[in-house]
Amino acid sequence: MIFPNTIEKSYFIPITFGIHKGLFMEKLVVTGGCGFIGSNFIRMILEKEPTVEVINFDLLTYAGNLANLKDLEKNPRLKFFKGDIANKQDVDAVLKDGVSSVVHFAAESHVDRSILDSGPFIRSNIVGTQVLLDSARAHNIKRFVHVSTDEVYGSLGDTGFFTEDTPLAPNSPYSASKASSDLIVRSYVHTFGFPAMTTRCSNNYGPYQFPEKLIPLFISNLQRNEQVPVYGDGLNVRDWIHVNDHCSGILAVLRKGRVGEVYNLGGKSERTNLELTHALLNNLQKPHSLIRYVKDRPGHDKRYAIDCSKAEKELGWTPTVIFEEGLKHTVEWYLANTDWINSIRTGDYLSYYQKQYGHR
Ligand code: NAD
Ligand code: TYD
């Protein structure tokens with residue numbers, strides 16, 4: 001698909017930012033804006049903040065999809081730059097012209113892929129964050145939000161919650177790469193006084209999520225009356241948050257967060273994978289015999305649960321979407337957007353599925 005607002009890789013950004021219709025326009029770079037959460041964030045900020053102009057900086061890896069922003073392709077306040085956060089030349093080209101803030105989503109994001117091959121995770125998540133931070137410092141960026149995950153805290157037993165003071169204990173190559181990037185951000189705040197904040201959020205769900213993650217994978221399999229692969233005994237617990245609640249939390253941190261702070265964001269909706277699978281089967285009116293128990297994920301974290309009271313108290317943010325309602329709307333969205341799913345479930349996706357699950 002051709003995206004009319006694409007900035008060619010000429011390393012000149014022909015965008016006039018500054019005063020527009022008498023308003024001062026803020027220039028914001030979003031990395032990873034063609035992914036699941038980044039695309040939802042761009043939609044939200046353009047809708048809520050008329051004085052923001054966004055440059056979406058994305059490499060378009062297997063998970064990056066311009067179709068996630070198709071409804072905004074003619075929006076004059078959104079530009080797209082295809083580039084790699086681990087490439088200094090690309091990053092400098094994007095940050096050089098009056099950019100004041102950065103929200104950093106770009107990453108390799110799937111635990112199972114990090115188990116198959118951790119190389120891209122080290123490169124994009126660790127080196128990419130370091131290259132981005134160096135350029136952001138050099139270009140005098142005023143606010144930088146680093147989007148991270150609760151998985152950096154490791155795994156919980158049956159009780160308790162992760163707070164911002166919970167020691168980092170990542171267990172997968174994915175979470176280790178995210179914890180590394182969190183520590184690099186921390187060191188830049190401490191050493192250089194760099195104005196960064198970090199968010200750590202629980203498992204997201206909602207529209208435009210790549211169908212390798214549990215919820216969209218299971219919905220798209222069930223639509224085709226295919227089995228759904230539940231790892232192990234299905235009793236692992238995740239704290240689910242609607243992507244809009246995550247995005248409003250990131251926006252609150254961008255606007256009101258204190259420099260150098262970490263903010264946990266969570267959905268207060270803990271479910272076992274089996275409870276969630278039954279809910280999806282019921283929503284889609286499919287027989288529960290479609291559950292297939294498969295070999296457990298190596299090193300599978302047992303339980304994640306977030307204490308997000310710091311963000312609630314300091315930022316006035318709280319998750320608002322009731323899980324059952326959010327899940328119902330999410331199922332409806334995937335059923336209404338079969339073209340989107342079908343365009344992904346081809347070539348590379350099918351090879352990955354075969355490698356991960358052993359059959360289609
Ligand atoms: P995603 O995999 O859907 O999207 C990632 C995007 O980053 C893609 O558009 C991809 O093309 C881009 N990208 C990857 N490497 C890049 C590179 N080197 N240069 C430029 N762009 C690159 O991921 P997501 O689920 O939207 O997650 C976004 C961020 O939020 C990640 O940092 C992730 O760790 C974090 N996070 C995700 C969740 C979740 O449940 N999905 C929860 C907490 C935190
Ligand atoms: P996932 O969506 O991959 O997120 P994360 O690993 O980052 O938490 O997985 C959510 C949970 O679902 C996790 O406990 C692993 C489990 N799971 C399955 O049981 N089957 C699957 O096919 C997938 C992808 C995940």
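Here is a short walk through a few places in this predicted model.

Let's begin with helix 12, which spans residues 347-357. Which of its residues are buried? They are Tyr349, Tyr352, Tyr353 and Tyr357. Because these tyrosines cover an arc of only 100 degrees around the axis, they lie on the same side of helix 12. The general geometry of such a helix fits this picture: an α-helix has 3.6 residues a turn, so residues three or four places apart point the same way. If you rotate the view to the other side of helix 12, you will find Asp348 and Lys355, which are exposed.

What do the buried residues of helix 12 pack against? Their partners are three helices and two strands that you can pick out by number: helix 3 (111-116), helix 6 (214-223) and helix 11 (338-344), together with strand 11 (228-231) and strand 15 (291-294). Follow the chain just past the end of helix 12 and you reach Gly358, whose phi is positive, at about 85 degrees.

Now move to strand 6, residues 78-82. Here 4 of the 5 residues are buried, so the rest of the structure largely encloses this strand. Strand 6 pairs with strand 5 (residues 52-58) in the parallel sense, over 5 bridges. For a concrete anchor in that pairing, look at Asn56, whose bridge partner in strand 6 is Phe80.

The cysteines are worth a stop too. How many disulfides does the model contain? The count comes to 0, with a disulfide taken as two cysteine sulfur atoms within 2.5 Å. Take Cys201: the closest cysteine sulfur belongs to Cys308 and is 8.9 Å away, which is too far for a bond. Cys247 is in no disulfide either, and its nearest cysteine sulfur, that of Cys201, is 9.0 Å away. As for their surroundings, Cys201 counts as buried because its relative accessibility is 3%, and Cys247 counts as buried because its value is 0%.

Finally, visit Ser269, in the loop between strand 13 (262-265) and strand 14 (270-272). Is this serine buried or exposed? With a relative accessibility of 6%, Ser269 counts as buried. The side chain of Ser269 reaches the backbone oxygen of Gly267 at 3.1 Å. Leaving aside residues up to four places away in sequence, Ser269 touches Arg238, Asp239, Trp240 and Phe323.

Definitions and conventions. Residues numbered from 1 in each chain as written. Chains lettered and ligands numbered in written order. Predicted model: local features only at pLDDT ≥ 70, side-chain atom pairs only at ≥ 80, totals over all residues. Heavy atoms only, no water. Buried < 20%, exposed > 50% of the residue type's maximum accessible area, 1.4 Å probe, protein only. Arc of directions from axis to C-beta. Contact = heavy atoms within 4.5 Å. Pairing = 2+ DSSP bridges. Polar contact = N/O pair within 3.5 Å; in protein donor to acceptor, adjacent residues only side chain to side chain.
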